[in-house]
Amino acid sequence: MIDYKNMLNDEQYNICIDQSDLLVKACPGSGKTRTIIYKLAHNVELNPYSVRKLVAITYTNRAAEEINERIEALGIDTERIWAGTIHQFCLEWILRRFKVYKSSLSRGFTIADERKKQRYLEEIIQLSGQRFYWEDIKTGYTRELKLIETDKTKRTIIKKYHQVLVENTELDFELILALSHSILQDSPLAAQYIKDAIEMICIDEYQDTQDLQYAIIEDISNADSKKHIQINFFGDPNQAIYGTLGGIAKTLDEINDEFNFNDFKERSLIGCYRSTQRIVDFYSPFMVEPYDIVARGKVKNEKGIICYQKDILFSDIYDEIAKIIILNIKQGVKEKDICVLAPSWWLLYPFSSELQSRLPDIKFDAPDITPIKRDPMNLFYNISRLLLTEPNVKKFGYRRKIEADIISKINGEVNFNAITLTELDFLNLVNNSKKINDKGSLFIINSIKCLFETMKLNIEEHENLKIQYEDFIEKMNYRLGEPRFCLVDNIDTFRKMFKEKEGVLISTCHSVKGEEYETVIAFGLLFGKLPNIKIAKNKRDEEAKKLLYVIASRAKKNIYFFSEKGRTYCENWDTYDCYPTKQLFYNKNVIYDN
């Protein structure tokens, strides 16, 4: 048994052992993820003979993998724990189990990712003679299953886009949510089945949850069943940086009004164990829901560095940031404790290569394009993961869960128990199917072929498997053939994507949420980039404050901010000069170390 009282502080411990329905508001560095992990572990130990699942819904695949790995590191059996994104949850718990309720799913389906969505919409826009950016078309749905988009011309484009998806038996991420909600609304027994199978759901980053996603959780929790399902929301309204994607930080009253059988109570985690008090005081003025945050960690009283430059040219930014990285490393900061951020990938791709050419002896966790698209919802991505990684004792349980998921999906796609092997037997089969080849693509193709031949399964004879396989190979070949990505088709390139990352992180402001670094360097802090010019005018101030709050709160001790000169932004097809993000000047008391 884990000594939870000793492993957690009082705030974390009280939330961990609480069996109530909770809305937990957690400040940066308060140990939110730690609390979720220990709460899941506690429920496993509290009900050791229960078969009901404990579900953690995360915003990213990376966060889900972290939860699985950290729980396993505690020595807890992860058999009852399921972690994944809301789209993975809908696919595994609703669409694949209850596809008989929707005739549109009867032929099987694959997932149309953002790249396909962009291609389809741009082709339709071009043929229609319109002048829209594809990102400006809202393809999402309300909880009433009505299109969010109100513009008639854009709705016509969406109708044609959906026709393309139907012809190709594809679902995009919005349709995954809409069809899941529809099934649960029309089929009460499906919702009841899921409710009976789940003991608790923890929703991480609730502030980024769309209304339709709330509705799906409500469908399950409100189902007519004698069993109760515990619901816990975790997050921070001040970090709600996905408002443009429909994220809503609902209040306690709103949540209680929508859940029929749950009585939510609000709890807080307000102690910051990450940053100095100076950094906490720096980012506090960016809060949209102000409250006092107290630094309680080991570095709370250290001065650190808070530096801001707005007179540097963008062409000089590479050399300046390279100097900062070298200085920090000389002062004892580890490479992995430094991150460099920008508001968009378009700023990072040229920056990444420029920085690495200046610092060839320093390791970087850079935004490299990998030959296989990260897609845990695709069966063949998961098989490739097993093929490209070696067994690891520390991750044995998590690896077995992947194997069990693969076996279940294959049996589900071919509609009979094609595989009766144990997870361990299947892993041996995968290992024996590896066809060593210097070319990564041939290694993957030949190994998958050998694996299915050994199982006496012909992919071509099963439409659903065939569609997934062709989609997987098409994405791989596209990435390998795209000149911008500069990918080399060798086995090392393929294996690199599953290796543990190390070195200075280069990432977007959005992607770094939930992480922490001793030194945070951010550039591109310019109007038009942050806030993004596509944000509605009445939302720009709030959006900028939230992003600055997220960026600054990643830092333990040191912050270096840049609003470099010479960049431009486009609005309504015209080009304008960028200027510094004005929200940086809201904190009148800050004294920069320039």
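The following exchange goes through salt bridges, cavities and a pocket in a predicted model.

Trainee: What makes the contact between Glu289 and Lys25 a salt bridge?

Mentor: The closest N and O atoms of Glu289 and Lys25 are 3.6 Å apart. The cut-off is within 4 Å for a Lys or Arg side-chain nitrogen and an Asp or Glu carboxyl oxygen, so the pair qualifies. Glu289 sits in the loop between helix 12 (277–283) and strand 10 (294–295), whereas Lys25 belongs to strand 1 (residues 21–26); they are 264 residues apart.

Trainee: Why is Glu289 called partly exposed?

Mentor: Its relative accessibility is 35%. Buried requires under 20% and exposed requires over 50%, so Glu289 falls in between.

Trainee: How do you know that Glu65 and Arg385 form a salt bridge?

Mentor: The closest N and O atoms of this pair are 2.9 Å apart, and the cut-off is within 4 Å, so the contact counts.

Trainee: What does the pair Glu65 and Arg385 tie together?

Mentor: Glu65 is in helix 4 (residues 61–73) and Arg385 is in helix 15 (residues 379–388), so the salt bridge joins parts that are 320 residues apart in sequence. As for burial, Glu65 is buried, and so is Arg385.

Trainee: Why are Asp471 and Lys475 said to be about one helical turn apart?

Mentor: Both are in helix 19 (residues 463–481), and they are four residues apart, which is why the separation is given as about one helical turn. Their side chains meet in a salt bridge at 3.0 Å, N to O. Asp471 and Lys475 are both buried.

Trainee: Which residues are linked with Asp471 and Lys475 in a network of salt bridges?

Mentor: The network also holds Asp113, Lys116, Glu170 and Asp375. Over the whole structure, the search finds 41 salt bridges.

Trainee: How many cavities of 30 Å³ or more does the search find, and what lines the largest cavity?

Mentor: There are two. The largest cavity has a volume of about 60 Å³. Its lining consists of Arg96, Phe109, Thr110, Ile111, Asp375, Met377, Asn378, Gln468 and Asp471. Strand 4 (110–111) and helix 19 are the elements that give two or more residues to this lining.

Trainee: What makes the lining of the largest cavity three nonpolar, three polar and three charged residues?

Mentor: Phe, Ile and Met count as nonpolar, and Asp and Arg as charged, so Phe109, Ile111 and Met377 fall in one class and Arg96, Asp375 and Asp471 in another. Thr110, Asn378 and Gln468 are in neither list, so they count as polar.

Trainee: What lines the second largest cavity?

Mentor: Ile372, Lys373, Asp375, Asn378, Tyr381, Phe472 and Lys475 do, and the volume is about 50 Å³. By class, this lining has three nonpolar, one polar and three charged residues.

Trainee: How do you know that the second largest pocket lies between domain 1 (4–84 + 185–269) and domain 4 (379–494)?

Mentor: Both domains give residues to its lining, so the pocket is placed between them. Its volume is about 1200 Å³. Of the 42 lining residues, Trp82, Glu92, Lys401, Ala404 and Asp405 are the closest to the centre.

Trainee: Which helix gives the largest share of the lining of the second largest pocket?

Mentor: Helix 16 does, with twelve residues. Elements that each supply at least two residues include helix 4, strand 3 (81–85) and helix 5 (86–95). The lining of this pocket divides into 13 nonpolar, 13 polar and 16 charged residues.

How values were computed
Residues numbered from 1 in each chain as written. Predicted model: local features only at pLDDT ≥ 70, side-chain atom pairs only at ≥ 80, totals over all residues. Heavy atoms only, no water. Buried < 20%, exposed > 50% of the residue type's maximum accessible area, 1.4 Å probe, protein only. 1 Å grid on protein atoms, 1.4 Å probe; cavity = no way out; pocket = protein on both sides within 12 Å on 5 of 7 lines; lining within 4 Å. Points joined across faces, edges and corners; volume = space filled by probe spheres on them. Domains from an automatic or database assignment.
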